[in-house]
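User: Hi! Could you take a close look at the annotated binding site of this protein and tell me how its residues sit in the fold?

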Amino acid sequence: MKEGQTKMAQSALFIIFGGTGDLAYRKLYPSLFRLYEKGYLKDDFAVIGTARRPWTDEHYHEVVMNAIADDGHESDRTNSELAHKFASHFYYQSHNVNDTEHYVALRNLADKLDAKYNLKGNRIYYLAMAPRFFGTIAGHLKSEKLITDHGYNRLIIEKPFGRDLQTAKDLNDAISAAFSEEQIYRIDHYLGKEAIQSIAALRFGNEVIGSLWNKAHIDNIQITLAESLGVEERAGYYETAGALRDMVQNHILQIVSLLTMEEPKAYTASELRDRKVEALRNIKIYSPEEALQNFVRGQYGEDADHEQLDYRHEEGTDENSQIETFVAGKLETESPSLAGVPIYVRTGKRLAQKSTQISIVFKDLKQNIFANSESDTKLAQNVLTLFIEPDQGYRFDINVKSGEQSYGVMPIHLDYHKSAAKKAKVPEAYEKLIHDALDGNRTNFAHWHEVAQAWRIVDVVRKTWDKQDADFPNYVSGTMGPEAAEELLRRDHRTWVYNPKR
Ligand SMILES: NC(=O)c1ccc[n+]([C@@H]2O[C@H](COP(=O)([O-])OP(=O)(O)OC[C@H]3O[C@@H](n4cnc5c(N)ncnc54)[C@H](OP(=O)(O)O)[C@@H]3O)[C@@H](O)[C@H]2O)c1
């Protein structure tokens, strides 16, 4: 089926726990509406939103309509008959997840809607709530018989999946008591991004790139997830998380696995998962000493003009906070094709520019036949850059003749950037992931083995850092992080390819 073509409409009941929350409002309702507009959801679907607030169905419809409007849809579409029809499929059930009796009311409503909309027992439980509730909800869904035996039952959960390997295991055990691994869809919204999903196409859909993607040709890999904003209103959560848990354990390691996995036999969920798990198991788990040598943490101070607050003076943060807003690290892989190729990763808040990008830096030429003096022996390395967001595209740095009378050689960029019109057509990550969950396609969801291995990789860094006080703040807002992040590459005689100035 070609992209953009409407697939057969799906019948399912969504039960959204946390139906009054931010995620539901900003992401889930607009995504469901887009699926409805495209005909992927038609008449045979219903949504039960649950949370403690005593909302009526009418009020819930208004909230859903507002969520669609705030998502930037043109007003005529938002107020259209279609939008009203869409909202009429939503039902609200006031519910405290800790109260067993409330699940009985929920089951009765679910069964009623199943019959009314011909939903064939298909249920998707979306836990848009704090993870501490996941075990309680999953247990009650089973004990109170919301899980049907005549349709599919799928559980979608959000990060953070634990604080370390042990808490992740506890959480996994709790939900696994009610749902099998095949029924669990762990969201890492980076996996829903078009440009991340394109990594496999780039690597395995091009002979020229695929044949160069190995230790004989690649010198190093660099991954940057840079944000220009500070912690904003998320200080409460951030103070318990930090950049290592918030970005490295999930998004960055997922990207690492896609970049370093061996070629899958076919592009299927199980093949891809096996290769990704293998890729993560090939990442070296450091000793505490190695973790200190290979990982750098940072926390932002004021900007150069003293106009922006340092992290410790943001609302909701601790004035002596030891939480890192920046991480840079060097990972080592033992994968057969990339062993010895360093993978430098970096993420942070209040950096010079917002950008997620990946650079594949190729090795120096073995011999430069154009060199005509001692100082002219080195040509620029070829670099393939993948722009993930906000820009989406590719850049390939190559060397060409400079155009002068003498045979000078100079670097140029071959650039492809997706136009605004093309980007607008790409479905948003949540829309894609909900679509995949409806389809039963787990390709772009994290498997437990991936999550567990990612925790093993970062736990040692976290535990080592937690034993030592950091010298924070240690970078100026609007720069690319602390000096130690530059030194991490300099000591290997390398530099960050992406080096913007604000
Ligand atoms: N927001 C995002 O953009 C985002 C992005 C990535 C991941 N996440 C993750 O998604 C989850 C939800 O985040 P959020 O930002 O939507 O949180 P939120 O706005 O705080 O929403 C939490 C929801 O839980 C409900 N709730 C709390 N206690 C309850 C209880 N005892 N029984 C029933 N309902 C209860 C709240 O409603 P009542 O107060 O009405 O009960 C509310 O609907 C979290 O795990 C978060 O880490 C969020």
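Analyst: Happy to help; here is a walk through the site, followed by its wider setting. Please keep in mind that this is a predicted model.

Let's start with the annotation. An unreviewed UniProt entry assigns the feature "binding site" to His189, Lys193, Glu227, Asp246, Lys349 and Lys354. Two of these, Lys193 and Glu227, are worth following in detail.

Lys193 belongs to the loop that links strand E6 (184-186) to helix H8 (194-204). Its relative accessible area is 15%, and because the cut-off for buried is under 20%, Lys193 counts as buried. Once residues up to four places away in sequence are set aside, Lys193 touches Ile388, Glu389 and Ala429.

Glu227 also sits in a loop, here between strand E7 (218-226) and helix H10 (235-241). With a relative accessible area of 22%, Glu227 is partly exposed. Beyond its neighbours within four places in sequence, Glu227 is in contact with Met247, Gly348, Lys349, Arg350, Leu351, Gln353 and Lys354. Two of those partners, Lys349 and Lys354, are themselves listed in the UniProt feature, so the contacts of Glu227 join annotated positions, given that contact means heavy atoms within 4.5 Å.

Now for the wider setting. The domain assignment gives domain 1 (10-158) and domain 2 (191-361 + 419-427 + 448-490), and the C-alpha centres of these two domains are 33 Å apart.

Nonpolar side chains tend to be buried together in soluble globular proteins. In this model the largest nonpolar core has 105 residues, and the members that touch the most others are Phe17, Ile223 and Ile360. At least three residues of this core come from each of domain 1 and domain 2. Another core lies apart from it, with 41 residues, including Ile16, Ala24, Tyr152 and Ile434.

Ile360 gives a good view of the packing in the largest core. Leaving out its neighbours within four places in sequence, Ile360 contacts Trp213, Ile218, Asn220, Ile221, Leu259, Asn382, Val383, Leu384 and Leu386.

One of these partners, Asn382, is also a contact of Ile398, along with Met410, Pro411, Ile412 and Leu414, again leaving aside neighbours within four places. Ile398 is part of strand E14 (residues 393-401) and is partly exposed, at a relative accessible area of 21%. From Ile398 to Glu487 there are 89 residues in sequence and 26 Å in space, C-alpha to C-alpha.

Technical notes:
Residues numbered from 1 in each chain as written. Predicted model: local features only at pLDDT ≥ 70, side-chain atom pairs only at ≥ 80, totals over all residues. Heavy atoms only, no water. UniProt positions renumbered as here; feature names shortened; annotations may be inferred. Helix = DSSP H or I, 4+ residues; strand = E, 2+ residues; numbered from the N terminus. Buried < 20%, exposed > 50% of the residue type's maximum accessible area, 1.4 Å probe, protein only. Core = buried A, V, L, I, M, F, W, Y, C linked by side-chain atoms within 4.5 Å. Domains from an automatic or database assignment.
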